[in-house]
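Subject: Structure for you to look through

Hello,

Here is the structure we talked about. Please open it first, then read my notes below.

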Amino acid sequence: MKVVTAHGPAEVVLDEVNDPVFLLVLTHGSNGGVEAADLLAVRAEALRLGGAVARVTQPFRLAGRRAPGPAAKQDEAWLEVVAALRKRFGDVPLVQGGRSNGARVACRTAAAAGAAGVVALAFPLHPPGRPEKTRVEELRSAGVEVVVVNGDRDPFGVPGPADAARVEVLPGERHDLGRDPAAVGRAVEPWLKRWAARPVRTGRR
């Protein structure tokens with residue numbers, strides 16, 4: 001599925017199910033793709049629970065760029081993609097998430113998208129070696145519950161327990177969360193169940 005946004009086309013890989021209990025929309029990091037192991041692990045849990053899953057390649061990556069560009073443009077394009085997906089899937093609970101830079105987008109746009117919750121994988125708390133450049137407010141100001149899954153060896157830092165509804169720190173994992181992707185799925189699974197049971201929000205844009 002292609003979605004044309006104000007900042008270029010995005011590509012969506014859909015896993016559709018009959019009568020989905022929620023819609024999970026996931027995206028990639030700055031120079032990764034939607035086949036990342038941790039994204040696929042969360043996808044598998046969502047499908048097992050009866051959710052539909054959309055994995056979004058954002059316009060900057062589809063154009064071959066590694067740098068996402070201005071946050072405002074990235075967020076605007078993301079909300080256009082989510083709006084198109086909501087038209088397709090109707091009023092089922094929306095959960096959005098991503099890994100690394102994609103987790104930042106999901107947090108920044110959660111309230112505007114009308115999401116029930118956010119899955120933030122490998123949230124990059126700060127650039128490597130630059131803890132003073134913290135991005136913690138993106139977590140704290142999401143406006144919905146955020147579940148973070150980070151590795152304890154992540155050079156981008158690890159959010160603290162007070163920074164999100166839940167922070168799962170996986171031992172031995174680095175930024176790619178590739179050592180035991182199944183553990184990522186297990187960490188997210190109870191929250192997907194919880195969000196799926198919630199009433200649909202109103203006032204989306």
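Two helices help to line the largest pocket: α1 (37-48) and α4 (101-113) each give at least two residues to that lining. Keep in mind that this is a predicted model.

How many residues line the largest pocket in total? The count is 17. Nearest the centre of the pocket lie G29, S30, N31, S100 and H175. The lining is mixed: eight of its residues are polar, five are charged and four are nonpolar. The space inside the largest pocket comes to about 290 Å³.

Now for R108. This residue sits in helix α4. Is R108 buried, partly exposed or exposed? Its relative accessibility is 25%, and buried means under 20% while exposed means over 50%. R108 therefore counts as partly exposed. Look also at E137, which is 29 residues away from R108 along the chain. The C-alpha atoms of these two residues are 9.4 Å apart.

Next, helix α3. It covers residues 71-89, so 19 residues in all. At 1.5 Å a residue, the helix should span 27 Å. The C-alpha atoms at its ends are 27 Å apart, which agrees. Several α3 residues are buried: Q74, D75, A77, W78, L79, V81, V82, L85, R86 and F89. Just after the helix comes G90, with a positive phi of about 75°.

Then step back to the whole chain. It has eight strands and six helices. Reading from the N terminus, the order of elements is β-β-β-α-β-α-α-β-α-β-α-β-β-α.

What radius of gyration would a compact globule of 205 residues have? It would be near 17 Å, and the chain has 15 Å, which agrees. Along the principal axes, the C-alpha atoms fill a box of roughly 40 × 35 × 30 Å. Of the 205 residues in the chain, 52% are buried.

Last, the record. In an unreviewed entry, UniProt lists residues 23-158 as "domain: KANL3/Tex30 alpha/beta hydrolase-like". Over that stretch the chain is 39% helix and 21% strand. The C-alpha atoms at the two ends of residues 23-158 are 27 Å apart.

Best wishes

Definitions and conventions
Residues are numbered from 1 along each chain as its sequence is written. This is a predicted model: local features need pLDDT of at least 70, side-chain atom pairs count only at pLDDT 80 or more; totals for chains, interfaces and linings use all residues. Side-chain values use heavy atoms; hydrogens and water are left out. UniProt positions are given in the numbering used here, feature names are shortened, and annotations may be inferred rather than shown by experiment. Helices (H or I, at least four residues) and strands (E, at least two) are DSSP runs, numbered from the N terminus. On a 1 Å grid over the protein atoms alone, a cavity is a set of points where a 1.4 Å probe fits but cannot get out, and a pocket is an open set with protein on both sides within 12 Å along at least five of seven lines; lining residues have an atom within 4 Å of a point. Grid points are joined across faces, edges and corners, and a volume is the space filled by probe spheres set on the points. Ala, Val, Leu, Ile, Met, Phe, Trp, Tyr, Cys and Pro count as nonpolar, Asp, Glu, Lys and Arg as charged, and the others, Gly among them, as polar. The expected span of a helix is 1.5 Å times one less than its number of residues. Buried means under 20% relative accessible area, exposed over 50%, partly exposed in between (1.4 Å probe, protein chains only). The radius of gyration is taken over C-alpha atoms; the globule rule is 2.2 Å times the number of residues to the power 0.38.
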